[in-house]
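Thanks for sharing this one; here are a few notes to read alongside the coordinates. I begin in the interior and then turn to the ligand.

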Amino acid sequence: MRPTIRSLVPADAPALLDLYRAASGPGSGLARTAGETDLPWAEGVIAQSLARGVTLGAFDADERLIGELHALRLTPRSFEHVLGDLTIGCRPDAQGQGVGAALFEAVFAWSAAASPRIQRIELFCREGNVGGLRLYQRMGFVPEGRLKARLVLADGTVEDDIVLGRTF
Ligand SMILES: CC(C)(COP(=O)(O)OP(=O)(O)OC[C@H]1O[C@@H](n2cnc3c(N)ncnc32)[C@H](O)[C@@H]1OP(=O)(O)O)[C@@H](O)C(=O)NCCC(=O)NCCS
């Protein structure tokens, strides 16, 4: 699927909330559960991303938000060439159709045009999110390290977080 991709605006907050609640079901790679999201959270994601980074939404032909990626430029200044705190989610009924890959292509294009230049994008992925790890490596991210026992899942399982980075 070739979604339409555009930057989100504050009015997209209810759709963003709905998307992340849908994407955070059992087996999801998202650390934040649906119960930890509300409208102020979604409004905050958009406001912070517009101020300090990027929020890109993927829309289907019916203009339904089916995927989103947001990330922040790190601080202080020695880190401002780094885009981090990256989160991506797609609606379950839109997964496996290239929406995630299209969002990464879009954030690469955004990064290339950003000033000052983005020279590194980094993200964390829990070790059990095998599909996510495959997608990130296909998009050019390289596993750089393992943070031991960083997550405890809802069922009590303890997992490591994998750090992945891509430089430009
Ligand atoms: C992880 C996630 C963002 C990936 O997004 P996605 O849109 O499903 O990713 P893509 O479709 O681009 O790629 C995933 C698979 O679909 C396949 N695919 C890509 N384009 C396709 C197309 N046009 N048609 C069919 N399949 C396609 C890819 O080959 C890939 O398959 P593989 O994993 O077997 O290699 C999504 O699954 C998701 O939201 N998961 C829940 C939340 C989550 O885990 N977020 C990440 C936290 S780290």
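1. A good place to start in this predicted model is V107: leaving aside residues up to four places away in sequence, V107 touches V54, L56, L69, L83 and I121.

2. V107 also belongs to the largest nonpolar core, which has 29 residues. Together with F104, Y136 and F141, V107 is listed there as having the most contacts inside that core. Two or more residues each come from β2 (53–59), β3 (65–73), β4, α3, β5 (120–126), α4 and β7 (158–167). The largest share, six residues, is supplied by α3.

3. Apart from this core lies another, made of 12 residues, and L8, Y20, I46 and F59 are among them. As background, nonpolar side chains in soluble globular proteins tend to be buried together.

4. Now to the ligand, which has 21 residues around it; C90, G96, G98, G100 and R138 come nearest. By class, this shell holds 10 nonpolar, nine polar and two charged residues.

5. Three polar pairs are worth a look in your viewer. A polar backbone atom of C90 sits 2.7 Å from a ligand oxygen, and a backbone N or O atom of G29 lies 2.8 Å from an oxygen atom of the ligand. From R134, a side-chain N or O atom is 3.0 Å from a ligand oxygen.

6. On its own the ligand exposes 930 Å², and the protein buries 70% of that. The elements giving two or more residues to the shell are β4 (82–90), α3 (99–113) and α4 (130–138), and the largest share, four residues, comes from α4.

Note on methods
Residues numbered from 1 in each chain as written. Predicted model: local features only at pLDDT ≥ 70, side-chain atom pairs only at ≥ 80, totals over all residues. Heavy atoms only, no water. Near = heavy atom within 4 Å. Polar contact = N/O pair within 3.5 Å; in protein donor to acceptor, adjacent residues only side chain to side chain. Areas by Shrake-Rupley, 256 points an atom, 1.4 Å probe, with all protein chains shown as cover. Nonpolar A, V, L, I, M, F, W, Y, C, P; charged D, E, K, R; others polar. Core = buried A, V, L, I, M, F, W, Y, C linked by side-chain atoms within 4.5 Å. Buried < 20%, exposed > 50% of the residue type's maximum accessible area, 1.4 Å probe, protein only. Contact = heavy atoms within 4.5 Å.
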